[in-house]
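Q: Please take a close look at the salt bridges here, and walk me through how the partners sit relative to each other. I would like the cut-offs stated along the way.

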Amino acid sequence: MPNDEYKKYLEFLFEEYVKNRLSLGRRYIHKMRFEKYGFEGEQRRLQKAVFLCRYIHSFCDDDDEILRTFTLPALQDHVGTIMDAYRDNNRLLDKLGIIDCLESHYEKIVSGIEYELLPSYDTEIMKQLGSKTPENDLRAIIYSIKNEKTEKQSTNDSYKQSSTEKRLKRIESMIEDGWRGYYDAREGRAEKPPKKSRRWFKGLGNIGQGVALSIGNIGLALGAFNFPVSPETQTWGAIVSVTTGVGMAMNGIGELRSE
């Protein structure tokens, strides 16, 4: 079970980086897309986009079947939903001081994450995203994030050695470039589609799941959802969950590269 020292460490991080910036975050969300749809509406749109990505990876055998099942404008709309949510999430992470927190403490936070520390709301999010075994999936995500941390320490890959902020920016550009290449190819403006498009959509879906976890718990911390939560969910629990979501998004880059 999680130890008290780790919880105190998380409480310290929340007090040090986030607490005094919550009011700024509440003001900032009114300048974003959440003003149009609300937090819950945005989560619903993100859920549909993640469903689509999961379906493509599970049931579409090749690019032709993807386009027989979904129109290009429909795909563009859902990719845009994930892209917009990803950008909005990163802006909120910056406004709330969480990016600064992760820059200095990401590996220490990840090293202590356990399923039991995640807010119960995360299980609900995973169910909404189509998970039939949300607890198992969350435990697998945590394992994957911890394993990625170990890989980062033992590789010279420039991406894995870069800062959290740079890695998040890199993902944004990779989503944009990957979709532009796919769209241009299907419109006849390129010689051929990117290789392994199904894996690219799988990576995008993983990023969408990570964003849903992160932005959902930011919403709880800001009081933007009509959902009863415990005090720790709005404080140090939010840091654990947001870090898990960010880590999941960063792990999706291998799929985007079709590695």
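A: **Salt bridges around one helix**

Arg 91 and Asp 88 are three residues apart in helix α5, so about one helical turn separates them. Helices here are DSSP runs of H or I with at least four residues, strands are runs of E with at least two, and both are numbered from the N terminus. This is a predicted model, in which local features need pLDDT of at least 70 and side-chain atom pairs count only at pLDDT 80 or more, while totals for chains, interfaces and linings use all residues. Residues are numbered from 1 along each chain as its sequence is written, and side-chain values use heavy atoms, with hydrogens and water left out.

Back to the pair: the side chains of Arg 91 and Asp 88 form a salt bridge at 2.9 Å, N to O. The term means a side-chain nitrogen of Lys or Arg within 4 Å of a carboxyl oxygen of Asp or Glu. The two partners differ in how they are covered: Arg 91 is partly exposed, with a relative accessible area of 38%, whereas Asp 88 is buried at 3%. Elsewhere, salt bridges that share partners join Asp 84, Arg 87, Glu 172 and Glu 176 into one network. For the exposure classes, buried is under 20% relative accessible area, exposed is over 50%, and partly exposed is in between (1.4 Å probe, protein chains only).

Let's follow Arg 87 through that network. One of its partners is Glu 172, with a salt bridge of 3.1 Å from N to O. Glu 172 belongs to helix α10 (residues 164-186) and Arg 87 to helix α5 (residues 72-95), so this pair ties together parts 85 residues apart in sequence. Glu 172 is itself buried, with a relative accessible area of 16%.

Arg 87 also forms a salt bridge with Glu 176, where the closest N and O atoms are 2.4 Å apart. Here too the partners lie in α5 and α10, so the link ties together parts that are 89 residues apart in sequence. Glu 176 is partly exposed, at a relative accessible area of 28%.

For the wider setting, a search of the whole structure finds 10 salt bridges. The protein has 13 helices and zero strands, and 51% of its 259 residues count as buried. Among contacts (heavy atoms within 4.5 Å) with a separation of 6 or more, 80% come from residues 24 or more positions apart.
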